[in-house]
Amino acid sequence: MWVQPSLLPAAEGAAIEKDTRFVLDYPEAELVFGLVFAVGTDYKPALDYLKDQIKLSGYAADSLQLSDWFGESIERLGFQHALPTEPEYERIASRISAGNKIRATTGRQDILALIAASKIFSTREIGEDENPIAHKRRAHILVSLKRPEEVESLRKIYGPGFFLIGIFADESERIDFLTNRKGLEKEQAASLINIDQKQTAEEYGQRTRDTFQMADLFVGVADKEYEKGLQRFLRLIFGDPFITPSRDEHSMFLAYAASLRSGDLARQVGAALTCAQGDLISLGCNDVPSPGGGLYCADDGDDDARDHKLRKDSNDARKDEIIDDVILAFSKKFLPTRDPEEILKEARPLLRETLVSDVTEFGRAVHAEMDAIITAGRTGVSFSNSTLYTTTFPCHTCTRHIIAAGVKRVVYIEPYPKSLAKELHSDAIRISGEKQKNDRRVPFEPFLGIGPRRFFDLFSMKLSSGYVIERKHDGTVVDWDQRRNSKPRVPMAPTSYLEREQLIQITLNSVFSIKREENANDAKTTGIAGQERRGVLDTPREDSPPSRKVARMEDRRTGDNLAAGDDRK
Ligand SMILES: [Zn+2]
């Protein structure tokens, strides 16, 4: 029920009480974590460690396996699908195909995330007003996500309370885990890994690789790297004011910031080149070069001749020309009696599915990695022994320039399957996990740490969308203790903005009534006429009390003002 906004004066002679139901602080707010990892990743130790870290902040943690609900989903959808529990290959393969079939049957790529949300809902108690009640100090961990649409939907449902954690293991580690620990044949392991990363032939197949790059935190299983990563992440989530970005994290954030400048039609890529000490040398993004050096940007006005201004992707146009050229040459020789236009119509879609679609050389944009290198050269800064941070794995063209420039290390987030860097330059670069004795090759490493996405929320003292943090108070450095002071930095509000607006009416009513009473009392003692203080806030009384739902909201919000009190002050 909609309540007409009004500031109701208290009834004559009624007792006025302070109403504090409206809060914007949720110190016991729930958290939802999603895990994403490739098949064959030994994720369980990281999951256990995550739960331990959550408990250190006085929270309970439960993990929910999405595949546990496949059986009932299959039954409710009314199709047949076996879910054997052994052998391991059959177990994994049957669950991949079951997930695909559930997505395909429902026509929703995010269906498994929606089922997970409904399972969380089923754990809720229902209040007297028949509204569900938020848990206090509880974290739900969803294991595991396989489609970008699942992440997108969970972010829309849980907003700032949802965090995606990517657990990285390189391919050799995953094959080792599946063969030596789980008893699979090497071919079986390789086949599962391929299907899991990207089942391009299946519209509703898994897209783990595309999901992984959306993570808020990236941790590795090698050498238990996840311990350090999860520990820092959890402390940040719970408001530790003293955790600052590592060199890799800060440099990747700068690369990401640079990517936002790009007006490229297909993707925004950013790169940051840093020296051996970690200082920034230059930034780059993918966009069209401008005469005089550098790239076009928004300041160029009418001179700006980027692809979005010309409304054309030259690479796509050239690929279509190549395809038509090949088809016409072929049909002239082998199908001279058929109408060339008809052949083009039939053959174009076929050729667009071939390797021709991977051609990237006819784009007008300078790639981000090259822009960063060229910018350093143009401005005369040496970049030997540098590290290049790039939001996307370098293409083979950039790779040869990276090697020639003397870059010593490359760090990336998003994989780029079209890149032939590994195939063409395995003599000069090594992809994580392949280090050999006296290896001079440039390592291309996946990024580990806190991703650029939540940088402001977690690292900024003042610009976080959560609360402001202090590092010292009255000249004294504050004491932050995980057990005592944990409070979600960017809490998930259990109420909607409409409900919060309604609660404001109750609170304003209470505040203004109390002040009015106090002023009336003051007037009696000072002798000022009461009517002089009447103002716009004394709107006519309406018989529209806030709805029962809002009045009950006190029970539904998590935490209270006392708990919100900051004991580091
Ligand atoms: Zn490139």
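This is a walk through one predicted chain, from its overall make-up to its two sheets and a single arginine.

Start with confidence. The model is predicted, and its mean pLDDT is 88. Of the residues, 88% score at least 70. Strand β3, residues 138–143, has the highest confidence in the chain, at 98. Helix α22, residues 561–564, has the lowest, at a mean of 40. Two stretches stay under 50. One is residues 529–548, with 24 contacts beyond four places in sequence. The other is residues 550–569, for which the model has 49 such contacts. Where pLDDT is low, the predicted coordinates should not be read in detail.

Next, the overall make-up. The chain has 569 residues, and 34% of them count as buried. Its secondary structure comprises 22 helices and 14 strands. Among contacts with a separation of 6 or more, 73% join residues 24 or more positions apart.

Now turn to a sheet that contains β3. Six strands make an open sheet with mixed pairing, in the order β2-β3-β1-β4-β5-β12. Its edges are β2 and β12 (449–450), each of which pairs on one side only. Strand β2, residues 60–65, runs parallel to β3, and six bridges hold the pair. In that pairing, L64 has L142 of β3 as its bridge partner. On to the next pair in the order. Strand β1, residues 31–37, is also parallel to β3, through five bridges. Here F33 stands opposite I141 in β3. Further along the sheet, β4 (residues 162–168) meets β5 (residues 217–220). These two strands are parallel and share four bridges. G166 faces F218 of β5 in this pair.

Two helices belong with this part of the chain. Helix α9, residues 225–237, lies across β4, β5 and β12. The helix runs at about 155° to β5. The second is helix α5, residues 148–158. Which residues of α5 are buried? They are E150, V151, S153, L154 and R155. An α-helix has 3.6 residues a turn, so residues three or four places apart point the same way. The cover over the buried residues of α5 includes strands β1 and β4. It also includes helices α4 (111–121) and α8 (208–212). Just past the end of α5 comes G159, with a positive phi of about 55°.

The other sheet is built from later strands. It too is open, with six strands in the order β7-β6-β8-β9-β11-β10 and mixed pairing. At its edges are β7 and β10 (429–431), each pairing on one side only. Neighbouring strands in this sheet are turned by 20° against each other on average, direction ignored.

Follow the sheet from its β7 edge. Strands β6 (residues 270–274) and β7 (residues 280–285) run antiparallel, joined by five bridges. A271 has G284 of β7 as its bridge partner. The two strands form a hairpin, with five residues between them. Within the turn, G278 has a positive phi of about 95°. Strand β6 also pairs with β8, residues 387–392. That pairing is antiparallel, over four bridges. In it, L273 stands opposite L388 of β8. Helix α10, residues 247–259, lies across four strands of this sheet: β6, β7, β8 and β9 (409–414). The angle between α10 and β6 is about 140°.

Finish with one residue, R364. Where does R364 sit? It is in the loop between α13 (340–352) and α14 (368–378). Is R364 buried or exposed? Neither label fits: R364 is partly exposed, because 16 other C-beta atoms lie within 10 Å, while a buried residue needs 20 or more and an exposed one has 12 or fewer. Leaving out residues up to four places away in sequence, R364 touches V288, D307 and S314. R364 also lies 9.6 Å from D264, C-alpha to C-alpha. In sequence, R364 and D264 are 100 residues apart.

Technical notes. Residues numbered from 1 in each chain as written. Predicted model: local features only at pLDDT ≥ 70, side-chain atom pairs only at ≥ 80, totals over all residues. pLDDT = per-residue confidence, 0-100. Contact = placed C-beta atoms within 7 Å. Pairing = 2+ DSSP bridges. Axes fitted to C-alpha atoms, helices over the stretch in contact; angles between N-to-C directions.
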